[in-house]
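Okay, thanks everyone for coming. I'd like to walk you through one model today, so let me put it on the screen.

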Amino acid sequence: MITAIKGIRVRRAAAVAVTAGAVLATGALTAAPAQAVTVPTIAAKTGFVMNNANGAALYNKGMDTKLSTGSTTKIMTANVVLSQANLNLDTKVTIQKAYSDYIVAKGASSARLIVGDKVTVRQLLYGLMLPSGCDAAYALADKFGTGSTRAARVSNFIAKMNSKAKALGMTRTHFDSFDGIGNGSNYSTAKDLTKLASNSLKSANFRAVVKTKSYTAKTITKTGSTRTMAAWVNTNTLLSSYSGTIGVKTGSGPEAKYCLVFAATRNGKTVVGTVLASTNATVRAADATKLLNFGFAKLG
């Protein structure tokens with residue numbers, strides 16, 4: 001009897017195996033629908049995420065709402081500089097007292113540039129994008145604007161920023177400053193800033209800057225000696241907290257609240273997005289993390 005029962009068990013096991021094999025062969029086990037990806041809730045007033053490969057929207061919350069951009073404006077500052085013809089990143093710029101006076105007067109974020117030091121354009125880009133130096137932004141606008149006075153050069157540089165925005169199809173964007181400390185008319189949208197980031201990331205020099213967590217510049221003093229600056233630390237915490245992050249830029253201010261333009265690459269796919277007017281620095285990073293996870297889940 002025991003032998004017979006064992007035989008029955010063997011035959012039943014074989015039958016189950018055959019049935020399972022038939023199901024696998026016909027693909028019936030894969031016929032179950034994929035589980036839907038839950039759309040995240042974010043604290044930011046607006047948000048947008050897209051597939052960088054084709055610009056397809058993956059997430060949208062008020063993507064066309066015009067808002068103050070804070071220092072995410074500096075993405076365009078860098079874009080305009082890196083778009084200059086015959087650009088030499090090793091060109092030296094002498095730091096003027098006007099740049100220092102400006103950040104003091106505005107209470108602005110600073111790269112702590114020293115008046116009289118000679119700083120390369122490359123170093124200014126790191127000072128612009130990592131610690132969000134408004135002094136570095138001023139120096140770049142003064143260097144790459146055209147005009148016989150500093151005010152004229154800065155005005156011309158801002159005009160270049162707006163021309164580039166128009167060329168990129170950023171139809172709901174206007175810049176009235178080189179650093180995001182606006183004069184009442186500095187605004188963009190989550191969609192437009194995402195579009196700007198995507199374009200900017202085409203530049204190898206831009207990518208190199210915005211993915212850097214920390215950078216130490218060696219500048220030339222008035223006397224010709226070398227000054228080693230205190231390290232500039234990137235304000236974009238996603239570079240440490242989110243695997244695959246490749247940039248891009250934080251922003252904040254009384255009007256802008258807390259903003260973040262972000263991008264990450266995983267499994268050969270790149271997701272780019274923006275959150276505007278989040279509630280604090282920690283929450284904006286959490287918002288961006290949710291949207292990156294959602295974007296990659298949508299791409300599969």
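Let me start with a question: what do the buried residues of H3 pack against? They pack against strand S4 (92-94), helix H5 (134-144) and helix H6 (150-167).

Before going on, a word on ground rules. This is a predicted model, so local features need pLDDT of at least 70 and side-chain atom pairs count only at pLDDT 80 or more, while totals for chains, interfaces and linings use all residues. Residues are numbered from 1 along each chain as its sequence is written, and side-chain values use heavy atoms, with hydrogens and water left out. When I say helix or strand, I mean DSSP runs numbered from the N terminus: H or I with at least four residues for helices, E with at least two for strands. Buried is under 20% relative accessible area, exposed is over 50%, and partly exposed is in between, with a 1.4 Å probe and protein chains only. Contact means heavy atoms within 4.5 Å.

Back to H3, then. That's residues 97-106, and the buried ones are Tyr99, Tyr102 and Ile103. They cover an arc of only 90° around the axis, which puts them on the same side of H3; the arc is taken over the directions from the helix axis to the C-beta atoms. Turn to the face pointing away from that buried side and you find Lys97, Val104 and Ala105, which are exposed. Right after H3 comes Gly107, with a positive phi near 60°.

H6 is one of the partners I just named, so let's go there. H6 has 18 residues, and from first C-alpha to last it reaches 26 Å, close to the 26 Å expected at 1.5 Å a residue. The expected span, by the way, is 1.5 Å times one less than the number of residues. Buried in H6 are Val154, Phe157, Ile158, Met161, Asn162 and Ala165. Looking down the axis, these fall within an arc of 140°, so they line one face of the helix. Lys166 and Ala167 are exposed on the other side of H6. The cover over the buried residues of H6 includes helix H2 (74-82) and H5. And here again a glycine follows: Gly169, phi positive, near 75°.

Now the sheet. What order do the strands take in the open sheet of 5? It's S2-S1-S13-S12-S11, with antiparallel pairing; two strands pair if DSSP finds at least two bridges between them. S2 (57-61) and S11 (245-253) are at the edges with a single partner strand each, so one side of each has no neighbour in the sheet. The twist averages 5° from one strand to the next. Between S12 (residues 257-266) and S13 (residues 269-278) there are 8 bridges, and one example is Ala264, whose bridge partner in S13 is Val271. Helix H7 (residues 190-200) packs on this sheet, touching S1 (46-51), S11, S12 and S13, and its direction makes about 140° with that of S13. Axes here are lines fitted to C-alpha atoms, for helices over the stretch in contact, and angles run from 0 to 180 degrees between N-to-C directions.

H10 (residues 281-299) meets several of those strands too: the cover over its buried residues includes S1, S2, helix H9 (238-241), S11, S12 and S13. Among the buried residues of H10 are Arg284, Asp287, Leu291 and Phe296. At the start of H10, a side-chain oxygen of Asn280 comes to within 3.0 Å of the backbone nitrogen of Thr282.

Let me finish with some backbone details. Most residues other than glycine have a negative phi, and most peptide bonds are trans. With that in mind, look at Asn86, in the loop between H2 and S4: its phi is positive, about 55°, and at 80% relative accessibility Asn86 counts as exposed. Asn267, in the loop between S12 and S13, has a positive phi near 50° and is exposed at 78%. Then there's the peptide bond from Gly247 to Val248, which is cis, omega near 25°; Val248 lies in strand S11.

Conventions
A polar contact is a pair of N or O atoms within 3.5 Å; within protein, one must be able to donate a hydrogen and the other to accept it, and residues adjacent in sequence count only if both atoms are side-chain atoms.
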